Amino acid sequence: MKLLYKINLILLIVLSLATGVFKVLRQEADIELFKVLGMTATLTFGLGIVQVLGGILLIPVPTRKYGALLMMATFVIASLAVFMNGMVVFGSVSLLFILMAFWVYQVEKRKI
């Protein structure tokens, strides 16, 4: 189980940093995706900053729980945008990202 958790954690860190960087780089696809939520390019950029921060916080053990919380919140926002854009299959997959972050949060919460 520890190996699965480590794999999940590594994937979550990579996913967090990658999704955040795409927003920070102001990728047109991301900007368009979040317009359905009323988010401007600036707000999408801000969401990207939060995702990069969440990914960084996932790395050290003492801040991992907070990184997981941030990522759960940003993945919920992203999932809403995906579903509202009619991307049901991708939206369903994006729900897994929330579960990945939730698992990390639950494991790290027990360590305290």
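Helices (H or I, at least four residues) are runs assigned by DSSP and numbered from the N terminus, and the legends below use these helix numbers. The model shown is predicted, so that local features are given where pLDDT is at least 70 and side-chain atom pairs count only at pLDDT 80 or more, while totals for chains, interfaces and linings use all residues. Residues are numbered from 1 along each chain as its sequence is written, and side-chain values use heavy atoms, with hydrogens and water left out.

**View 1. A salt bridge within helix 2, between K35 and E32.** The two residues both lie in helix 2, three residues apart, which is about one turn of the helix. In general, an α-helix has 3.6 residues a turn, so residues three or four places apart point the same way. The side chains of K35 and E32 meet with 2.9 Å from N to O, where a salt bridge is defined as a side-chain nitrogen of Lys or Arg within 4 Å of a carboxyl oxygen of Asp or Glu. K35 is partly exposed, with a relative accessible area of 46%, and E32 is also partly exposed, at 37%; here buried means under 20% relative accessible area, exposed means over 50%, and partly exposed is in between (1.4 Å probe, protein chains only). A search of the whole structure finds three salt bridges, and the next view turns to E108.

**View 2. E108 and its salt bridges with R64 and K111.** E108 has its place in helix 5 and is buried, with a relative accessible area of 4%. One salt bridge joins E108 to R64, with the closest N and O atoms 3.6 Å apart. This pair links distant parts of the chain, since E108 is in helix 5 and R64 is in helix 4, 44 residues apart. R64 is buried, as is E108. The side chain of E108 also meets that of K111 in a salt bridge, at 3.2 Å from N to O, and R64, E108 and K111 are thus linked in a network of salt bridges. When residues up to four places away in sequence are not counted, E108 touches Y5, V61, R64 and K65, where contact means heavy atoms within 4.5 Å.

**View 3. The aromatic pair of Y5 and W103.** A search of the whole structure finds two aromatic pairs; rings of Phe, Tyr and Trp (its six-membered ring) pair if their centres lie within 6.5 Å, and planes under 30 degrees apart count as stacked, over 60 as edge-to-face and the rest as tilted. Y5 and W103 form an edge-to-face pair, with 5.7 Å from centre to centre and 75° between the planes. Y5 lies in helix 1 and W103 in helix 5, so the pair ties together parts that are 98 residues apart in sequence. Y5 is buried, with a relative accessible area of 8%, whereas W103 is partly exposed, at 28%.

**View 4. The aromatic pair of F75 and F97.** The ring centres of F75 and F97 are 5.7 Å apart and the ring planes stand at 55°, so this pair is tilted. Because F75 lies in helix 4 and F97 in helix 5, the pair ties together parts that are 22 residues apart in sequence. F75 is buried, with a relative accessible area of 3%, and F97 also counts as buried, at 18% relative accessibility.

**View 5. Helix 4 and helix 5, with their buried residues.** The 24 residues of helix 4 should span 34 Å at 1.5 Å a residue, and the end C-alpha atoms of helix 4 are 35 Å apart, which agrees; the expected span is 1.5 Å times one less than the number of residues. Helix 5 (residues 88-110) has 23 residues and reaches 34 Å from its first C-alpha to its last, close to the 33 Å expected. The buried residues of helix 4, among them R64, K65, M71 and F75, pack against helix 1, helix 2, helix 3 and helix 5. The buried residues of helix 5 include G91, F97, V104 and E108, and what covers the buried residues of helix 5 includes helix 1 (2-24) and helix 4 (61-84). Helix 4 is followed by G86, whose phi is positive, near 80°.
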